[in-house]
Amino acid sequence: MAMIASQCPDYRVVVVDIDSARIKAWQSDRLPIYEPGLQELVQLSLNKNLFFSTDVAQGIREADIIFVSVNTPTKTFGQGAGRAADLQHWEKTAREIKANSTTDKIVVEKSTLPVRTAEAMERILHSGNKTVHFEVLSNPEFLAEGTAVRDLENPDRVLIGGHATESGRRAQAALVDIYAHWVPRDRILTTSVWSSELSKLAANAFLAQRISSINSLSALCERTEADVAEVARAIGMDARIGSRFLNASVGFGGSCFKKDILNLVYLCQHYGLKEVADYWEQVVTMNEYQEDRFVQKMISAMFNTVANKRIAVFGFAFKADTGDTRESPAIRVARFLADERVAVVVTDPEALSNARKDLADLGAKISYELDPYTAARGAHALAVMTDWAEYKTLDYRKIYESMVKPAFIFDGRNCLNHQDLYEMGFNVYPIGKVPLHHL
Ligand code: UGA
């Protein structure tokens with residue numbers, strides 16, 4: 001919405017939320033999330049044509065177009081628990097829109113939703129109401145965290161799904177007009193609502209599948225002395241495969257990949273497509289295997305005993321340039337290590353407060369340090385979980401001196417200079433490459 005406000009001065013954008021602390025924070029110099037460039041972007045339009053408010057009813061009443069961006073987490077209860085999307089916030093919002101609307105509205109699905117959710121929304125919005133017309137569009141978001149501002153400024157495509165009716169086309173055109181303020185027309189795709197809803201799930205499933213594919217090969221590389229980075233480069237130069245998103249890692253995290261794939265799996269099961277469901281579920285299974293394999297490797301490298309050793313977890317965010325820790329591989333790894341009675345020290349430049357919440361139940365088994373040098377002092381091993389740029393330029397000689405010997409580095413992101421570290425004395429365990437060890 002901040003991007004729309006800054007690119008479209010002729011539109012008035014009002015963001016409403018029931019959480020007053022968040023609404024306050026969005027208007028302050030400390031936004032509720034860390035995202036490079038976002039603070040500056042919000043400031044550009046704040047109180048000019050970008051407003052924040054807790055008055056949801058008024059926001060609905062005055063709007064012509066409503067973007068619904070409530071969260072749709074994986075259901076944790078009842079039918080479809082652990083797979084299906086929990087649509088209760090969406091439905092509640094639809095009812096609120098219906099209750100407060102006195103003029104026609106375009107309702108845009110911005111949240112990621114199962115295919116055919118728009119149908120249910122339309123039924124709720126139009127139930128018993130004949131005076132106000134609601135046109136539901138699907139406009140999924142493809143930005144990635146950490147690069148959100150750049151992705152929004154220069155998107156590969158904008159997708160707008162609508163119905164092939166007169167009012168559907170009019171609504172689609174109204175939304176196209178907004179994006180066309182800064183996105184070239186040939187990058188704005190219009191499709192049916194169902195194709196648009198499914199494309200969002202499909203895009204995330206394909207991206208996650210690439211990571212699981214290269215991660216599966218990283219296990220084979222470690223057995224055969226092939227180097228996963230060399231393999232990724234060799235296959236990625238085939239234009240049909242492409243070079244991006246082929247970095248082997250400890251696993252993918254983030255609030256979307258796992259949730260969206262499980263949602264896709266649930267949908268396939270719902271429609272009786274067992275083989276299709278099993279095919280996609282394997283992407284998530286492979287990711288969990290990769291996380292567990294990482295910890296197994298740590299334990300076996302450290303003489304099959306890690307109890308009472310100190311291990312510094314470098315990075316807790318699910319990727320660099322965000323404070324977000326949702327589904328971060330670091331969570332599973334830290335829990336696994338705590339179970340093994342390791343003294344786990346977590347360090348991260350932006351994600352420590354989220355890490356504390358994620359691991360709250362582990363109490364004193366985990367400690368937290370903002371400074372990576374302090375975290376590493378007295379440690380037997382470092383486990384790199386997030387590819388923060390600053391981890392590439394730390395003084396590892398100084399870190400090595402402060403650690404218990406033999407000192408280990410497990411690079412879950414293949415982001416460090418392994419040869420240099422080895423020469424300093426570290427025993428280095430990358431992903432999908434031959435380890436470099438002195439033992
Ligand atoms: C992802 C998609 O990339 C966005 O297009 C989508 O809009 C978003 O989900 C969403 O649905 O909201 P995001 O989860 O923010 O974006 O971040 P990604 O850059 O996709 O990274 C996801 C995870 O995969 C991270 O843990 C990252 O470290 C890992 N990853 C990524 C790898 O392990 N290897 C790679 O080569 C690339």
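Helices and strands are taken here as DSSP runs, numbered from the N terminus. In this predicted model, the loop between β8 and α13 holds Glu 327. Glu 327 is not a glycine, yet its phi is positive, at about 55 degrees. A second backbone feature is the cis peptide bond between Lys 405 and Pro 406, for which omega is about -5 degrees. Pro 406 belongs to the loop between α17 (396–402) and β12. For context, most peptide bonds are trans, and most residues other than glycine have a negative phi.

Both loops adjoin strands of an open sheet, which is described next. Six strands make up the sheet, in the order β10-β9-β8-β11-β12-β13, and their pairing is parallel. β10 (366–368) and β13 (427–429) are the edge strands, each pairing on one side only. From one strand to the next, the twist averages 20 degrees. Within the sheet, strand β8 (residues 310–314) and strand β9 (residues 343–347) run parallel and are joined by five bridges. Ala 312 is placed opposite Val 345 of β9.

Two helices lie across strands of this sheet. Helix α12 (residues 274–301) lies across β8, β11 (381–384), β12 (408–411) and β13, and runs at about 165 degrees to β12. Helix α13 (residues 329–339) lies across β8, β9 and β10, with an angle of about 155 degrees to β9.

Elsewhere in the chain, helix α5 (residues 88–100) packs against helix α6 (residues 117–126), their axes coming within 9 Å and crossing at roughly 35 degrees. This crossing of α5 and α6 is right-handed. On the α5 side the contact is made by Trp 90, Glu 91, Ala 94, Arg 95, Ile 97 and Lys 98, which meet Met 121, Ile 124 and Leu 125 of α6. By class, the residues of this contact comprise six nonpolar and three charged, with no polar residue.

Helix α6 also takes part in a pocket. The second largest pocket has a volume of about 410 Å³. Its lining consists of 18 residues, of which Ala 85, Leu 87, Pro 114, Tyr 266 and Leu 267 are the closest to the pocket centre. At least two lining residues come from each of α6 and α11 (257–270). The lining of the second largest pocket divides into eleven nonpolar, four polar and three charged residues.

Key: Residues numbered from 1 in each chain as written. Predicted model: local features only at pLDDT ≥ 70, side-chain atom pairs only at ≥ 80, totals over all residues. Heavy atoms only, no water. Axes fitted to C-alpha atoms, helices over the stretch in contact; angles between N-to-C directions. Helix = DSSP H or I, 4+ residues; strand = E, 2+ residues; numbered from the N terminus. Left-handed = near helix turned anticlockwise from the far one by under 90°. Contact = heavy atoms within 4.5 Å. Nonpolar A, V, L, I, M, F, W, Y, C, P; charged D, E, K, R; others polar. 1 Å grid on protein atoms, 1.4 Å probe; cavity = no way out; pocket = protein on both sides within 12 Å on 5 of 7 lines; lining within 4 Å. Points joined across faces, edges and corners; volume = space filled by probe spheres on them. Pairing = 2+ DSSP bridges.
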